[in-house]
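Here are some notes to read alongside the model. Keep the viewer open and follow each point on screen as you go.

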Amino acid sequence: MKKRRRDLKEAAIRAFFFTCGVLAVLVLVGIFLTLVTTAVPAFREIKLSEFLFSKAWDPTSPEKAEYGILSMVVSTLMVTGGALLLAVPIGIAVAAYLSDVAHWRVREVLKPVVEVLAAVPSVVVGFLGIVLIGPILAKIFHTGNGLNAANGSILLAIMALPTIISISEDSLNAVPTAYNEASLALGASRWQTLLRVKLPAGLSGIIAATMLGMGRAIGETMTVLMVTGNARAFPHGFLDSVRTMTSGIAIELGEVPYYTTHYYALFAIGLVLFVITFAVNLVADVVLRKYQEREQ
Amino acid sequence: MKKIAIIALAALALFGSILPAAPARKMIQVKGSDTMVNLVQILAEEYMGKTPGAAIAVLGGGSGTGITGLINQTCDVANSSREWKPKEIDQAWEKGISPRFFVVAVDGLSVVVNEKNPLEQLTVAQVGALYRGDVKSWKAVGGFDKAVSLYGRQSNSGTYVFMQEFVLGNKNYSADMKEMNGNAQIIEGILQDEGAVGYVGVGYVHDQSGKIRKGLKVLKVSKEPDGTGFLPTDKAAVDSGAYPLSRPLYMATNGKPKADVAQFLAWIVGPEGQSIVEREGFFTVGEGKYRAANDKNFK
Amino acid sequence: MKTSTRKGIVQAIGFFALRAAMGLVLAVLLLFLYDIGKKGGGAISWEFLSQAPRRGMTEGGIFPAIVGTFLVTLITAVLAVPLGMSAAIYLHEYAKQSRLTRLIRLSIRNLSGVPSIVYGLFGVILFVNVMRFGTSILSAGLTLGLMTLPWTITASEEALKTIPNSYREGAMALGATKWQTIRTNVLPYAVPGMLTGTVLGLARAAGETAPILFTGAAFYLPFLPKSLGDQFMALPYHLYIMATQHHAIQQVRPLAYGTALVLIVLVLGMNMTAVVLRYRLRRKQR
């Protein structure tokens, strides 16, 4: 009898833990469903083609309300692309430095230091973008102000770097020592080994790191809200003032009357954001798993 | 595990002891205009200093946010630097809200440029052309040879809407306008940008000593192409309407304001509140039509 | 030139480039910390830390923002820590390799990639509207809690992985049930590691602005929050408005720097504590 009661208790406890485990799936699905159900009513009034392909976003216009997100999408991609252009080479270089060049004591100190960079809150990075990076950019490019896509890219690069560095370094370290030893035994220098053996072997991990950094950059809100100038125009260059999707939502969510087309449209932007970051994460996942399987 | 729990409980106890023995009264929630947020926050601070038991929370977000807040009943008072749109009034009625408006200050919306800009005056039409994006170089309006760099607010701003209605002729803003998060950010941008132009509430152009901010120039605005231009800092011009961009600043309540809200509003439009309004660089309500309308709304 | 010399030169250049990259990153970090430290340090005083803002927030301090951040982070912890630990226990101790388990792990990884503003949107609908908590510490804390959940789950699982299986096998050999094994032979050793990891997640939550923008953060409140249903001031939001929306931006710039410094010290302090704890734990376990 005692055993049956104990079994019941065990089963109950297991059920409890199971529920907690499944919670993650429930939350993800919940977010997705909420976005979808709140976004769909927008399309009663907005044509899907206009939403996705029109460059003009002006829901409160006295002339004609416009709901095109193309400019925002391109702005997001531009700022993210610029960030990756900066962060990927530097990130891989730092990862290579930490795994191959640095003395292990130096590495023990520098790894946490890089993690410190990851800990700086986004609003502080944005603040530094306004007070520090903006004036520098204005001086270098003679633009009069530093509130543009370039500023956003630089800041996002700084925020994506720790992710890229950390995962790339892990992947470089995970290259089997047999590979390195073989290469060195054949007479290659450490540099040649790094370039021709380790980097290619760790490539999938590095790609995954890049994608995760990209996801982080796409989803960043406060930093870009503070430094990119928030102009609604379709961007023509990095020195233009741009508005990303995340800023677009943050700017208008506070003032929008509930349950209007404008309100639903903002959630539609959120849905697009969710889908993009989900896709990026999925690809990173697949790449990471392929690389893990190969190691086994 | 236990240690964390103990620390957490201790922290809660510590905070519990710091919290003031607050009265049972709930806080008056004031939301809305960024143009007014600093003014109202200072008014609230001084009012609370003089009135024991008063509790006022001031949130910003832009005039649009305040209006939405009053309609959705998430605030008691909505600050707006513009009138409500007919659509908004309809929405309010639909939800059973009957907005009542009190003019608490008058603003001379200022057109500001960098001090290096040689211009001294523009007509309303010219300002509109600049902001619609019809004119892209300062030379076209008689200034120097530089590209126009537009600074403005976002669509939740009453100032944005007011400009759109009265200066842009209800047309779209140029998509190249940089939409800043607040009046202060506009000023900051202009100080560093020689080709810049921006619009801000008159309370934002002065520095702490009451003089115009160094590096900033406030333009005179005239109604007609050959008319006399006036400065928004000219009280007589603002009061008489000679300055074309003067506008009342409103605080709206749902129907007749409750006792504590009414007391606060009455103080604001009274001599003490109005002297603070003046001190902060805005203009007083005066003795004319605004005061009459206010008095009626208190009843 | 001899091949070995050429290889040597190429390597020297290559490694120098790598060192330069590391140097660049370090320089940027140090520049940031130096700028904030120097300009913020001047604003820090006991008065700054213990008083409320005055005179239109041009004077006084940031005490309400500090309190607000603490309270919200507390709620975040209450949601994210126990749930995170429990989910990790399920994943590591109970779950078998199945489609469902893979789905759970996929969800966790994706949740950590969802933009913070999307969490804010979700929080507005679920906590502010549907559950009617309104804009409050509770709504904001729960929203941040959901955002922190993937981190606490992952960190807790890492901690569980470090417990050798022999601990579990020993208990089971003596006839203990699954739960008894976990309770007596795994958790006591894993919990410190779990908490270390979760502190890192909480540090991140404390610094976030987007999720609390529409779920409870306020521009100026005269009193400290009395209950979980009240709105609150918070350090990251305070920095944001000081930097962009205050009416005398130039004048309060030092106060903004001070706020940034306090926020960074808080967040880095939590990070450092976690890192030091983790280091100490690892040494003990060896």
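Into which domains is chain C divided? Domain 1 covers 3-41 and domain 2 covers 47-285, with bounds that come from an automatic or database domain assignment.

Before you go on, note that this is a predicted model, where local features need pLDDT of at least 70, side-chain atom pairs count only at pLDDT 80 or more, and totals for chains, interfaces and linings use all residues. Residues are numbered from 1 along each chain as its sequence is written, while chains are lettered from A and ligands numbered from 1 in the order in which they are written.

1. **The two domains of chain C.** Measure between C-alpha centres and you get 33 Å from domain 1 of chain C to domain 2 of chain C. Five residues of domain 1 are in contact with six residues of domain 2 in this chain; "in contact" is shorthand for C-beta atoms, placed from the backbone, that lie within 7 Å. On the domain 1 side, one of the touching residues is nonpolar, three are polar and one is charged. For that sorting, Ala, Val, Leu, Ile, Met, Phe, Trp, Tyr, Cys and Pro count as nonpolar, Asp, Glu, Lys and Arg as charged, and the others, Gly among them, as polar.

2. **Chain C as a whole.** Count up the secondary structure of chain C and you find eleven helices and two strands. Helices (H or I, at least four residues) and strands (E, at least two) are DSSP runs, numbered from the N terminus. Starting at the N terminus, the order in chain C is α-α-β-β-α-α-α-α-α-α-α-α-α. Its C-alpha atoms fill a box of roughly 75 × 70 × 35 Å along the principal axes. Among contacts in chain C with a separation of 6 or more, 76% are between residues 24 or more positions apart.

3. **What is buried in chain C?** Chain C has 286 residues, and 55% of them count as buried. The rule goes like this: a residue is buried if 20 or more other C-beta atoms lie within 10 Å of its own, exposed if 12 or fewer, and partly exposed in between, with C-beta atoms placed from the backbone. Have a look at helix α10 (residues 235-244) of chain C: ten of its ten residues are buried, so this helix is largely enclosed by the rest of the structure. Among the buried residues of α10(C) are Leu235(C), Pro236(C), Tyr237(C) and His238(C).

4. **One arginine to click on.** Arg183(C) sits in helix α8 (residues 178-206) of chain C. Is Arg183(C) buried or exposed? Neither, really: Arg183(C) counts as partly exposed because it has 14 C-beta neighbours inside 10 Å. Now find Arg168(C), which is 15 residues from Arg183(C) in sequence and 10 Å from it in space, C-alpha to C-alpha.

5. **Chain A as a whole.** Chain A holds twelve helices and two strands, in the order α-α-β-β-α-α-α-α-α-α-α-α-α-α along the sequence. The C-alpha trace of chain A spans about 80 × 75 × 35 Å along its principal axes. Of its 296 residues, 53% count as buried. Take the contacts in chain A between residues at least 6 apart in sequence, and 72% join residues at least 24 apart.

6. **A helix pair in chain A.** Helix α3 (residues 70-101) and helix α9 (residues 203-219) of chain A pack at an angle of about 140 degrees, with axes 9 Å apart. Axes are lines fitted to C-alpha atoms, for helices over the stretch in contact, and angles run from 0 to 180 degrees between N-to-C directions. That angle makes α3(A) oblique to α9(A); angles under 35 degrees count as roughly parallel, over 145 as roughly antiparallel, 65 to 115 as roughly perpendicular and the rest as oblique. Residues of α3(A) including Thr76(A), Ala83(A) and Ile92(A) take part in the contact, and those of α9(A) include Ile206(A), Gly213(A) and Ile218(A). By type, this contact has nine nonpolar residues, four polar and no charged.

7. **Where chain A meets chain C.** Here 62 residues of chain A are in contact with 69 residues of chain C. Helix α1 (residues 2-39) gives the most to the chain A side, with 17 residues. That side divides into 43 nonpolar, 14 polar and five charged residues.

Definitions and conventions. Two residues are in contact if their C-beta atoms, placed from the backbone, lie within 7 Å.
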